[in-house]
Number of protein chains: 2
Amino acid sequence: MLKDLDPLLHSQLRLGVMSLLLGVDSAEFTWLKEKTNSTAGNLSVQLDKLSEAGYIEVVKSFSGKKPLTTCKITKKGIKAFEDYVNNLKGYINN
Amino acid sequence: MLKDLDPLLHSQLRLGVMSLLLGVDSAEFTWLKEKTNSTAGNLSVQLDKLSEAGYIEVVKSFSGKKPLTTCKITKKGIKAFEDYVNNLKGYINN
DNA sequence: AATTTTGGTTTATATTATAAACTACTTTAT
DNA sequence: ATAAAGTAGTTTATAATATAAACCAAAATT
């Protein structure tokens, strides 16, 4: 039967972020912004949501004197992503 | 690169409807309601949206004296679904 | 020293999803 | 015959979500 899709992941931008984070050790805000083609505001909000869900870890530091936001997917995030993909397959495979 | 996902299909209920319709010649409202586990109101609204986009065809008739709503996916709908799935793969494969 | 750029956050608005309330008719029970 | 319950939906109000506009602080550029 059709399983429910995690609403936190069923969002183009958040799914894009998670997909990108799966492929790297960690990623900077500006890199994610470029890769996802999003606005800074939108990305900021969505990163917060993923972070509050424990799907990613966000570290705010400085690169010299400029703020630097770095994101990393968590174990919980990887699991959620895998579950999401598995459930999604019920919708798209056949 | 990550392609945009058709917002009309990127919705659990509408995607579920389309997925179900792909597997049958046509389907009744009540069958879709059961299979998708949705409320009648929500389903009604989402079927309208799919219909207005030309992704499905909705025929309202009678079964004896009871109203009968029948849905069928269109060529345009099949194409949109296929495109959606292909774009989605960019997010979930790797 | 004014302007632009960088790297964001906050907040307001537009869009979307969902459920509650309603309509219209039918069937069943009294 | 009529009241109550069921069927098959639609309309509308509300809750949730996504998105962008406005903003902030510091740094770099002209």
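Modeller: Helices (H or I, at least four residues) and strands (E, at least two) are DSSP runs, numbered from the N terminus. Chain A of this predicted model has four helices and three strands.

Biologist: What conventions apply here?

Modeller: Residues are numbered from 1 along each chain as its sequence is written, with chains lettered from A and ligands numbered from 1 in the order in which they are written. This is a predicted model, where local features need pLDDT of at least 70, side-chain atom pairs count only at pLDDT 80 or more, and totals for chains, interfaces and linings use all residues, while side-chain values use heavy atoms and leave out hydrogens and water.

Biologist: In what order do the elements of chain A run?

Modeller: From the N terminus on, the order is α-β-α-α-β-β-α. The C-alpha trace of chain A spans about 55 × 25 × 20 Å along its principal axes.

Biologist: How are the two copies related?

Modeller: Two copies of a chain are related by a rotation about an axis and a shift along it. Here a turn of 180 degrees and a shift of 0.0 Å along the axis lay chain B on chain A, with an RMSD of 0.0 Å. The superposition is by least squares on the C-alpha atoms of residues with pLDDT of at least 70 in both. The copies are thus related as by a two-fold rotation axis. In chain B, the C-alpha of His10(B) is nearest the axis, 3.8 Å from it.

Biologist: Which surface serves the copies?

Modeller: The same surface serves both: 95% of the contact residues of chain B recur in chain A. Contact means heavy atoms within 4.5 Å. By that rule, 21 residues of chain B are in contact with 21 residues of chain A.

Biologist: What area do chain B and chain A bury between them?

Modeller: The size of an interface is often given as the accessible area lost when the parts come together. Chain B and chain A bury about 1,800 Å² between them (1.4 Å probe, summed over both). Carbon and sulfur atoms carry 65% of that area. Gln12(B), Tyr91(B) and Ile92(B) supply 33% of what chain B buries against chain A, more than any other three residues.

Biologist: Which element gives the most to the side of chain B that touches chain A?

Modeller: H4(B) does, with seven residues. Helix H1 (12-22), helix H2 (29-36) and helix H4 (75-92) of chain B each supply at least two. That side of chain B divides into eleven nonpolar, six polar and four charged residues. Ala, Val, Leu, Ile, Met, Phe, Trp, Tyr, Cys and Pro count as nonpolar, Asp, Glu, Lys and Arg as charged, and the others, Gly among them, as polar.

Biologist: How many salt bridges are there between chain B and chain A?

Modeller: A salt bridge is a side-chain nitrogen of Lys or Arg within 4 Å of a carboxyl oxygen of Asp or Glu. The count between chain B and chain A is zero. Six residue pairs between them are in polar contact (both at pLDDT 80 or more). A polar contact is a pair of N or O atoms within 3.5 Å; within protein, one must be able to donate a hydrogen and the other to accept it, and residues adjacent in sequence count only if both atoms are side-chain atoms.

Biologist: How many salt bridges are there over all chains?

Modeller: Four. One joins the side chains of Lys72(A) and Asp25(A), at 2.8 Å, N to O. This pair links distant parts of the chain, 47 residues apart. Lys72(A) is in strand S3, and Asp25(A) is in the loop between helix H1 (12-22) and strand S1 (27-28).

Biologist: How many residues surround DNA strand C?

Modeller: A residue is near a strand if one of its heavy atoms lies within 4 Å of it. For DNA strand C there are 19, and the closest are Ser44(A), Lys60(A), Thr69(A), Arg14(B) and Gln46(B). Sugar and phosphate make up 62% of the strand C atoms that come within 4 Å of the protein.

Biologist: Which atoms of DNA strand C does the side chain of Ser44(A) meet?

Modeller: A phosphate oxygen, 2.5 Å from a side-chain N or O atom of Ser44(A). A polar side-chain atom of Arg14(B) also lies 2.5 Å from a phosphate oxygen of strand C. Pro67(A) uses a backbone N or O atom, 3.1 Å from a sugar or linking oxygen. Among the elements, H3(B) gives the most to this surface, with five residues.

Biologist: Where does the largest share of the surface near DNA strand D come from?

Modeller: From H3(A), with five residues. In total, 20 residues surround DNA strand D. They divide into six nonpolar, nine polar and five charged. Arg14(A) has a polar side-chain atom 2.4 Å from a phosphate oxygen of strand D. For Lys49(A), the corresponding value is 3.4 Å. An N or O atom in the side chain of Ser44(B) is 2.4 Å from a phosphate oxygen of strand D.

How values were computed: Buried area = accessible area lost by both parts, 1.4 Å probe.
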